[in-house]
Structures are given as C-alpha cells and as structure tokens.
Amino acid sequence: MVSSAVSPIIQAYRYHAAGARVRLSAVRLPEIEPKSGSVDRVRAFSVVSAEGKVLTDLKITLRNRLTPTLALDVPEGVEVRSAHLDGDTIQPSRDENGRLMLPLKRSEGGERLEPFTLLIVLERSVDPLGVAGSRRLVLPSIALPVSSAQWSVFLPSNNVYGALEGDVDA
C-alpha cells in the first residue's frame, strides 16, 4: 500500500480479519496567516584571511508576495560590499535597530510564485587567527523562514582546525 501510493501516507494499516474496524478522528487546526514571503535557499561562502578579514558571499533565492524589504540581522561591524537583486544593483539601508534592509520585488506568477535572487557580499573583521584559539563566525539572521541553507567556510591553510560547532542541525 505504501509503496504504490501517489501522495504521502502518514500511517497505514492492513487488516486480514473480517471483523476489523478502523476509527478516525479529525481536529481542525487553528488558522495561521501565511508569511508573505519565503526563502527557498541560502548559499553562503565565507573566506577568512590570516589577518582576520571575513568576506561572505550570500546568495538568497526567495519568493515574495507583498514584503517590500528583507531584514537581515547582521553582527556588529559588518559592512555591505555589494548587493544585487536579479543582477541589478540595489542600495541597502539600516533600520532603527541596526538591521540591514534590502529592497525586494514581488514574485511573478499566479498561484506558483517565481523565485528571484539576492546576491550580497559582506565584509567583517575578526581577531587574527593566531596559533591557537577559536573564532565565532556568524551568518546574518533572515526575517523569513528558510527552507535550505548551505555554508562553505574557507580558512587559512597554515593552521590546524578542530571541530566545528553550530546551533543549526544539519
């Protein structure tokens, strides 16, 4: 039954007795207003120099119905080197809380919204790596739900590195 199903089956039972009965109950879930946008994918590349410069290239693929801007919580000291929306240069701004605000456009398409892409290059300085110690690298926090995120970090080759730690499950 499960292997031949066209749509997902959450639970399945098969009874061979003639008197078998199945009882189902359903409970209505509360209505929740859907987000007006969602991020399909975040792809980030960070390069850390031995002197402590961190360049992060973010590629954000998203869909948007109504939201005029995308808010990013960035660590203190982060500067925007460049920002593009589908290849066109955009001018980010900051809100009163210091969040980075990126202008968005509305996705084309009716029921199935077409995604578009934001490309952002961020620069930050951290303490030089030195011989021992640890450094905290942080990606910006995005104000929309993210379906998939990948982050590649390139570190100086003359150091030895231990375990990576994070607060997001693989």
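A surface patch, as the term is used here, consists of residues with over 30% relative accessible area and no salt bridge, nonpolar side chains being joined within 5 Å. In this predicted model, Y13, Y15, V22 and L24 make up a nonpolar patch of that kind, with an area of about 510 Å². One of its members, V22, belongs to the segment before β1, the strand of residues 37-48. The relative accessible area of V22 is 57%, and because exposed means over 50%, V22 counts as exposed.

From this segment the description passes to the chain as a whole. The chain contains 10 strands and 0 helices, so that, read along the sequence, its pattern is β-β-β-β-β-β-β-β-β-β. Its C-alpha trace spans about 75 × 40 × 30 Å along the principal axes. The radius of gyration is 23 Å, whereas a compact globule of 170 residues would have one near 15 Å. Of the 170 residues, 28% count as buried.

Six of the strands are arranged in an open sheet with mixed pairing, in the order β5-β4-β8-β2-β1-β10. At its edges stand β5 (88-89) and β10, each of which pairs on one side only. Within the sheet, β1 is joined to β2, which comprises residues 53-64, by antiparallel pairing over 11 bridges. In this pairing S38 stands opposite R63 of β2.

An aromatic contact also involves β1. The count of aromatic pairs comes to 1, and the pair is formed by F45 and F154, whose rings lie 6.5 Å apart from centre to centre with 15 degrees between their planes. Because planes under 30 degrees apart count as stacked, this pair is classed as stacked. F45 is in strand β1 and F154 in strand β10 (residues 149-154), so the contact ties together parts that are 109 residues apart in sequence. Both rings belong to partly exposed residues: F45 has a relative accessibility of 33%, and F154 has a relative accessible area of 45%.

Charged contacts form a further set of links. Side chains of opposite charge can pair when their charged atoms come close. The whole structure holds 5 salt bridges. One of them joins E123 to K53, with 3.4 Å between the closest N and O atoms. This contact links distant parts of the chain, since E123 is in strand β8 (residues 116-125) and K53 is in strand β2, 70 residues apart. The two partners differ in their environment: E123 is buried at a relative accessible area of 15%, whereas K53 is partly exposed at 39%.

A second salt bridge connects K105 and D86, whose closest N and O atoms are 2.6 Å apart. K105 is placed in the loop between β7 (100-103) and β8, and D86 in the loop between β4 (79-85) and β5, so this bridge ties together parts 19 residues apart in sequence. Each partner is partly exposed, K105 with a relative accessible area of 34% and D86 with 37%.

A third salt bridge is made by R99 and D95, where the closest N and O atoms are separated by 2.8 Å. Here R99 is partly exposed, with a relative accessible area of 28%, while D95 counts as buried at 16% relative accessibility. Salt bridges that share partners also join K53, R81 and E123 into one network.

Strand β7 has further pairings. With β3, which covers residues 69-73, β7 pairs in the antiparallel sense over 4 bridges, and T69 stands opposite P103 of β7. Strand β6 (residues 93-94) likewise pairs with β7 in the antiparallel sense, over 2 bridges, and S93 stands opposite M101 of β7. Together β6 and β7 form a hairpin with 5 residues between the two strands. In the turn of this hairpin, G98 has a positive phi of about 85 degrees.

Definitions and conventions:
Residues are numbered from 1 along each chain as its sequence is written. This is a predicted model: local features need pLDDT of at least 70, side-chain atom pairs count only at pLDDT 80 or more; totals for chains, interfaces and linings use all residues. Side-chain values use heavy atoms; hydrogens and water are left out. Patches are made of residues with over 30% relative accessible area and no salt bridge: like charges are joined within 9 Å, nonpolar side chains (Val, Leu, Ile, Met, Phe, Trp, Tyr) within 5 Å. Accessible areas come from the Shrake-Rupley method with a 1.4 Å probe; for residues, only the protein chains shown count as cover. A salt bridge is a side-chain nitrogen of Lys or Arg within 4 Å of a carboxyl oxygen of Asp or Glu. Buried means under 20% relative accessible area, exposed over 50%, partly exposed in between (1.4 Å probe, protein chains only). Rings of Phe, Tyr and Trp (its six-membered ring) pair if their centres lie within 6.5 Å; planes under 30 degrees apart count as stacked, over 60 as edge-to-face and the rest as tilted. Two strands pair if DSSP finds at least two bridges between them. The radius of gyration is taken over C-alpha atoms; the globule rule is 2.2 Å times the number of residues to the power 0.38.
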